[in-house]
Amino acid sequence: MRDRYTEVREYVQRLVGTAGGPTPDAGSPAWCALADGDQAKLIAVLTAGTRAVLEDELAALDDRRCAAKKTAIEVAQAANWSDVARRVRARDQALRSGAYIGRLNA
């Protein structure tokens, strides 16, 4: 599935095209001074809406990354790493000394 921003951006591009120059920011004094029928006024509003969708998508991405990081930290903190290291060292020493022979899967 494609993200919402890509869908909105492509719809706006199909609606008004990709050509054209810069437009004033929607709601700015320069935008307010444009005639209601001026295509630049509509493009400015569509651009502002597209930007809002992009900002929402970026915020959602950041939320997912923060949640994944939080989960990773919780998993890492759940283990007693001293015990893990002790078991790994004991296993490695047993393998080297021959006291432990690993099972072969047939």
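Glu 7 sits in the middle ground for solvent contact: with 41% relative accessibility, the residue is partly exposed. Bear in mind that this is a predicted model. Glu 7 is also a good way into the charge pairing here, since the count comes to 8 salt bridges. As background, side chains of opposite charge can pair when their charged atoms come close.

**Glu 7 and Arg 2**
- Glu 7 makes a salt bridge with Arg 2, and their closest N and O atoms lie 3.0 Å apart.
- Arg 2 has a relative accessible area of 41%, so this residue is partly exposed.

**Arg 9 and Glu 10**
- Arg 9 pairs up with Glu 10 in a salt bridge whose closest N and O atoms are 3.9 Å apart.
- That still makes the cut, because the rule asks for a side-chain nitrogen of Lys or Arg within 4 Å of a carboxyl oxygen of Asp or Glu.
- Arg 9 comes out as partly exposed at 28% relative accessibility.
- Glu 10 is partly exposed too, its relative accessible area being 24%.

**Arg 91 and Asp 92**
- Another salt bridge links Arg 91 to Asp 92, with 2.8 Å between the closest N and O atoms.
- Arg 91 is partly exposed, at 43% relative accessibility.
- Asp 92 has a relative accessible area of 26%, which puts this residue in the partly exposed class.

**Shared partners**
- Arg 2, Glu 7, Arg 9 and Glu 10 belong to one network, joined by salt bridges that share partners.

Definitions and conventions
Residues numbered from 1 in each chain as written. Predicted model: local features only at pLDDT ≥ 70, side-chain atom pairs only at ≥ 80, totals over all residues. Heavy atoms only, no water. Buried < 20%, exposed > 50% of the residue type's maximum accessible area, 1.4 Å probe, protein only.
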